[in-house]
Amino acid sequence: MTNFKTAVRRLASLMLALMLTASMAVSVSAKNYTDVIDNDYTEQIDMLSDIGIMIGTSEDEFSPDMDVTREQMALLLFRTMLGRDNSGTVNTTAFEDLYDPTYHGAISWANAAGYIIGTSDTTFEPVGGITLQDAMTMIVRALGQSHSAMDRGYPWTYIDAAVKLGLDEGLNNISYTKTLTRAETATLVYNALTAQYLIPKTSSAGTYVVSTTIVENVYGFEIDEGIVVATNDYTIEGYSKVIKNGYVTLEMSDGVSMTVNFDELNMEGSPESWLGKKIKLVYKADEKTKLVTVFGSSYAGVSKNIDTVEIAVDGSIVMDGVKYETVAAKSGTLSTNKNEIYVYIYDNDGKLAKLADNAAVSSALRFFNLELIRDNAGSDAADRAIIKPWSFGQLTITGGQINIAGNLAEDQLTGGFVNNVNAKNGDYVLYYYNAENKSLEIPEVLIATPGAVVTRLTAASATIGGVEYKLTYAPANALNIGQNASVIAKNGYILAVVNAPAVTAESTYLIATSNASSVYIDGYVRYAFTANVDGVSKNIITSQPAVTVNGVYRYTVDANGIYSLYDTGSAFFVQNGDFSSIFNNINAATISTASSPYYQLGNVKFVTDNNTVIIVKNNGVYTAKTGAYTGDITINANASVVSVFKNNIGDVKTLSFLFISDGSLARTDITQTYVKVLAANGSEYVNNTVYYVYTVLNISSGQISANRSVYSNLAIGNVYATDAAGNILNIAADLLASARITGYTASTVTIGGATFRLTANTKAIKLNADNTATAVTPASLLNTTVTYYAVNGDMILIISPLNTPDTLTGIVSSGSPADYPNIPAVIVENYTGKTVNDLKNISMDIKVISGANEPAYFVMTANNGGADVYITSWFKPFTTAAGTVNHVVWGEDAYEITAGTGYAVADATHSNVAGGSGATDLVGQAFYDEFGGYTVTKVEVKMFGGPQTIEVSNYAD
C-alpha cells in the first residue's frame with residue numbers, strides 16, 4: 001500500500017461518515033451547523049461530526065472558535081484510534097486533579113499507551129488548553145511514529161514528524177504554542193485519519209512494523225491508487241472496454257485491474273475525461289462477490305491541455321517546456337535529460353493506441369488536442385500524454401444527416417454530439433468522429449481569411465496579402481499568382497481555398513445606428529442606413545436590406561462605394577487570424593489597467609495599440625477612441641459587447657475593435673463635443689454621401705463654424721452631440737441653462753443665484769445678427785439674461801443673447817435732478833453694477849408713444865460705498881413726430897459732460913459739484929476722474945416736459 005499524506009483528505013464527507021459510523025457506539029448524522037457555514041474548516045467539521053468523533057455543543061451549533069481542553073483531546077484521540085465512543089469512567093492513573101468521570105477512561109487509556117503524559121506525576125491539568133505542538137505530539141505517538149529519543153528534542157522533533165505526515169495541512173500560519181479551537185482540532189484529527197499509521201507486530205521471525213492508516217486498520221477499508229484505463233466507449237491499448245454500463249476499469253498500484261462504478265468515484269466530468277489519470281480511492285472489496293464499493297476518491301495528479309509541441313534538434317519532443325522521450329516501456333532511468341513518457345493517440349474506433357517513439361508522435365501532430373498528465377502534482381515531468389487528433393472538413397447537414405458523422409442524424413449519435421462552438425451548416429470545422437460508438441465532437445470553427453492577392457507561390461508555400469502559408473494540406477492547383485483568394489487556414493497551413501469577398505478598401509468594422517431604407521441608385525435598388533465608423537457618422541449604401549440597429553458588421557467596399565456587410569455570425573466577420581468575443585446581457589463591470597498592464601474581458605487578457613478602435617454608446621451618444629488607450633472601461637448591466645482581438649502568441653492579446661452598447665470610457669465621455677445650431681446652410685455631396693451643412697456654435701470652445709450632418713431636420717437653436725469628425729448627430733442634449741447675471745468678481749460669476757468659477761478657459765461671447773460672435777467679459781453682461789454651460793462648478797461658456805432685452809414701456813414726467821426721487825421714469829436695470837466710466841457711450845432707442853414731444857435725459861444713480869450721487873446727461877430735443885424711433889447715445893446724440901452740458905447733483909461729500917449752462921466745476925475729464933470709478937446702481941430715462949409715454953429698446957453699451 002502507498003503512504004498517503006494529503007491526496008485522500010478531500011473524501012466525500014457523507015460517504016465516509018456512512019463507512020465509519022457502522023463501528024461507532026453512537027449513531028449520529030451529518031450536521032449543518034449554523035455557525036460553521038462557509039468556515040475554512042467546514043468539511044473537516046462536518047466529517048468528524050458525521051463520524052461521531054466531534055459532536056456539536058448543541059443541536060445546531062458546533063462552536064468552532066471554542067478552545068479545546070486536554071481532557072477533551074484525550075477523548076477525541078480515543079474515539080479516533082479505537083472507533084468507539086464509550087471510554088469508561090474509571091481513573092486508573094495517578095492524576096489527582098481529574099474531576100469529570102466522562103473523560104476518566106480516555107485519559108487512562110491515552111496515558112497508559114504513552115500518548116499523553118501529565119504535567120507532573122500527579123497532575124494532568126484536564127481543563128488546560130491543548131496547544132498545536134502538544135496535539136501534534138499526541139497524534140504522532142498514537143500513529144506509532146515516535147521513539148524515546150524524540151522526547152529529548154520536544155517539541156520540535158514531534159512537530160517535524162507531524163509536518164512530514166501532513167498533519168498540518170490546512171492549519172496555515174498557526175503558532176505551535178497556540179491553544180487550538182474546536183475547528184482547528186477537527187482539521188488536525190481529520191488529517192490523521194489518512195496519515196501513515198505504523199503498528200508493531202511480533203512473529204516467530206521477530207518484530208516488524210505494518211504500515212497502514214486509521215481508515216484501513218480501524219475501520220477495515222483500503223486506500224490505493226489506480227489509473228483509469230477503460231470506459232464503456234474508450235480504452236487504453238492493452239485493455240478491453242467495460243461491458244457494464246456506468247463502470248470504469250482502473251489499473252491499481254499492484255498491477256491488478258479493478259472495475260468500479262464511476263458515479264461512486266464522485267468525480268466531475270465524463271468517464272472519458274479521466275482516461276490515463278491516476279485516482280486515489282478509499283474502498284472495500286467483498287471477498288465473496290468480488291464487488292468493490294468506493295467510499296471516497298480524489299485526483300492524485302494534475303493535467304494540462306497544451307496546443308504546441310516542439311521537436312528539438314536532438315530529436316526529443318518538448319511539451320510545456322520539458323524534454324521527453326516517447327517509449328513503449330519505461331526503463332526507469334533518465335537519459336540525456338529526456339524524461340520517458342507514454343504517449344497515446346485516439347483511433348476512430350475509440351482505442352487509445354500507444355505511440356512507439358518520438359517520430360511517431362511527430363507524424364501525428366497535425367491538428368490536435370494534447371493532454372499532459374502528471375501522476376504526482378509535485379513532479380516537473382509528466383507520466384503520459386493523450387492526443388486527440390482533429391480531422392478537417394466542411395460541415396454539411398442534409399435532411400438532418402451530418403456528413404462528417406457518417407451521415408448519421410444528431411439523434412443517432414448515441415455516443416454523444418459535442419458542438420460547444422455552435423458550428424452550423426456550411427462551416428469549415430475541425431472534428432473527431434468515433435464510428436464505433438457513434439460520437440461526434442466539434443472543437444473549432446475555422447473562419448476564412450479576407451480576400452487578398454496571391455503575390456508569391458511555390459510548391460511548398462503561398463504568400464497571400466503579405467502572409468505566408470504552407471501548402472502541405474492545400475488542394476492541388478487551387479491557387480494562382482495574382483488571384484484574389486480567401487483561404488481556410490490553421491497553424492499556418494492552408495486547408496481549403498474558398499470564394500473571397502471583393503475588397504477594394506481596408507476591411508474594418510461599423511455599428512449600424514439606424515434601420516435601412518431602400519434607395520434607387522444607377523438602376524439598382526440599394527439600401528441606405530446610418531452607421532458609426534471609427535467614431536464618425538456616415539451614410540452607408542449596401543445591397544443587403546437586413547440591418548439591425550446597434551448591430552456590428554465587418555465591411556468591405558467595392559469600387560462603386562457599395563458596402564458588403566458581415567455580421568457576427570458570419571464566417572467572414574473576423575480576418576487575418578483575429579478572433580472575436582461576443583457577450584449579451586452581461587453584468588455591470590468596470591475593467592481597468594490600474595492593477596495590471598492589461599485589461600481582462602471574459603477569459604481574454606488584452607492591451608490596446610495605435611490601431612485599436614473603441615466605440616461606446618452612452619445615453620444614446622456614440623463616443624469613440626482610436627489608438628492606444630489605458631483608461632477605465634465601464635460596461636453597464638445588460639449591455640452587449642462585441643470585441644475582436646489579434647491572435648498574438650501568448651496569453652495577452654491586442655484589441656482590434658470593441659463596441660459596448662451601454663457603457664462609458666473614462667477619457668472619452670468628458671471630451672464629447674456639443675454644438676448649438678445657429679442656421680442651416682444647404683447641403684453638399686462628399687464621398688458618395690449627402691451632407692447637410694449648419695452654422696454652429698461649439699459649446700466647449702465658443703467658436704463658430706460650419707459643420708456637416710447626415711440629418712436634414714436639426715432644429716435651429718438646439719444643442720446636439722457630434723462625432724469624432726465633427727459631424728452633427730441627431731442626438732439632442734439639454735446642456736444650456738438660462739438666467740440673469742447678478743454679480744461677479746475677478747474669479748467668479750453669479751448667474752441665477754448660483755456662483756461659478758471663472759477659469760483661463762472660460763469663454764464669454766455676444767452673438768451677432770450675422771451669426772458671428774464677439775468676445776465680451778462676464779462683467780459687461782451684468783444684469784443681462786444669458787445662456788450658459790458649466791461643468792462641476794467651472795463656467796465653460798456664457799452667451800449673450802442675439803436679441804436685446806425686452807422692450808421697456810412706461811410713463812415719464814417732467815422735473816429736474818433735484819426732484820429725482822419723485823419723478824416717474826423708465827428704469828434700465830441691466831446697466832447696474834458697472835462703473836460710470838463703463839457707460840461713457842451707452843445708447844438706446846426711444847420711441848414716443850403719446851404725449852408732448854420734449855427733451856429727455858439719462859439719470860444715473862452711483863456711489864462709491866457712501867451716499868448716492870445722481871448724474872445726468874441731456875439728450876437733444878426730439879423733433880420728430882410721435883411713433884418715430886430716436887436713437888440716442890450718451891457721447892454722441894447727448895451732449896458730452898463738458899462745461900454747460902453736464903450736471904451732478906450735490907451731496908454731502910460733493911457740495912461743490914453743480915452743473916448747468918456755463919458750469920465750470922468738474923467738467924470733461926475732471927468729471928470722470930472724480931466719478932468714473934463710482935458703481936452705477938440705477939439708470940433711468942426721464943423728461944423735462946411731459947408727462948408722456950415712451951418705449952425704450954435696443955439699449956447697449
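**Note on the predicted model: sheets, rings and backbone**

1. Strand β24 (residues 452–457) and strand β27 (residues 484–490) run antiparallel and are joined by two bridges, with Ala485 in β27 serving as the bridge partner of Ala452. On its other listed pairing, β24 is joined to strand β25 (residues 461–464) by three bridges, again in the antiparallel sense, and Arg456 is placed opposite Thr463 of β25. The connection between β24 and β25 is a hairpin of three residues. Strands pair when DSSP finds at least two bridges between them; strands (E, at least two residues) and helices (H or I, at least four) are DSSP runs numbered from the N terminus.

2. Some care is needed in reading these remarks, since the model is predicted: local features need pLDDT of at least 70 and side-chain atom pairs count only at pLDDT 80 or more, while totals for chains, interfaces and linings use all residues. Residues are numbered from 1 along each chain as its sequence is written, and side-chain values use heavy atoms, with hydrogens and water left out.

3. A second region to look at is an open sheet of three strands, in which the order is β18-β19-β20 and the pairing is antiparallel. Its edges are formed by β18 (397–398) and β20 (408–409), each of which pairs on one side only. Between β18 and strand β19 (residues 401–402) there are two bridges in the antiparallel sense, and Thr398 has Gln401 of β19 as its bridge partner.

4. A further open sheet has four strands in the order β17-β22-β23-β21, and here the pairing is mixed. The edge positions belong to β17 (391–394) and β21 (416–418), each with a single partner strand, so one side of each has no neighbour in the sheet. On average, neighbouring strands in this sheet are turned by 30° against each other, direction ignored. Three bridges pair β21 with strand β23 (residues 439–446) in the parallel sense, and one point of contact is Val418, whose bridge partner in β23 is Glu441.

5. Which aromatic rings tie together distant parts of the sequence? The model has 22 aromatic pairs, and one of them, Tyr346 with Tyr432, is edge-to-face at 5.6 Å centre to centre and 75° between the planes. Tyr346 belongs to strand β13 (residues 339–346) and Tyr432 to strand β22 (residues 428–434), so this pair ties together parts that are 86 residues apart in sequence. Both Tyr346 and Tyr432 are buried. Another edge-to-face pair is formed by Phe367 and Tyr493, at 6.5 Å centre to centre and 80° between the planes; Phe367 lies in the loop between α10 (358–364) and β15 (368–374) and Tyr493 in strand β28 (residues 493–498), so the parts tied together are 126 residues apart in sequence. Phe367 counts as buried, at 2% relative accessibility. (Rings of Phe, Tyr and Trp, the last by its six-membered ring, pair with centres within 6.5 Å, and planes under 30 degrees apart are stacked, over 60 edge-to-face, the rest tilted; buried is under 20% relative accessible area, exposed over 50%, partly exposed in between, with a 1.4 Å probe and protein chains only.)

6. Elsewhere, Phe579, Tyr599, Phe606 and Phe645 make up one aromatic cluster. Charged groups also meet rings: the charged end of Lys388 sits over the ring of Tyr346, 4.8 Å from its centre, and that of Arg70 sits over the ring of Phe124, 4.5 Å from its centre. (A charge sits over a ring if NZ of Lys or CZ of Arg is within 6 Å of the ring centre and within 35 degrees of the ring normal.)

7. Met81 has its place in helix α3 and is buried, with a relative accessible area of 7%. Although Met81 and Tyr219 are 138 residues apart in sequence, their C-alpha atoms are 9.8 Å apart in space.

8. The backbone has some features worth checking by eye. Most residues other than glycine have a negative phi, and most peptide bonds are trans. Tyr154 and Pro155, however, are joined by a cis peptide bond with omega of about 5°, and Pro155 is found in the loop between α5 and α6 (156–165). Ser63, which is not a glycine, has a positive phi of about 60°; Ser63 lies in the loop between α2 (42–51) and α3 and counts as buried at 16% relative accessibility. Asn550, also not a glycine, has a positive phi of about 75°; its loop runs between β32 (536–542) and β33 (552–557), and at 24% relative accessibility Asn550 counts as partly exposed.

Definitions and conventions. Axes fitted to C-alpha atoms, helices over the stretch in contact; angles between N-to-C directions.
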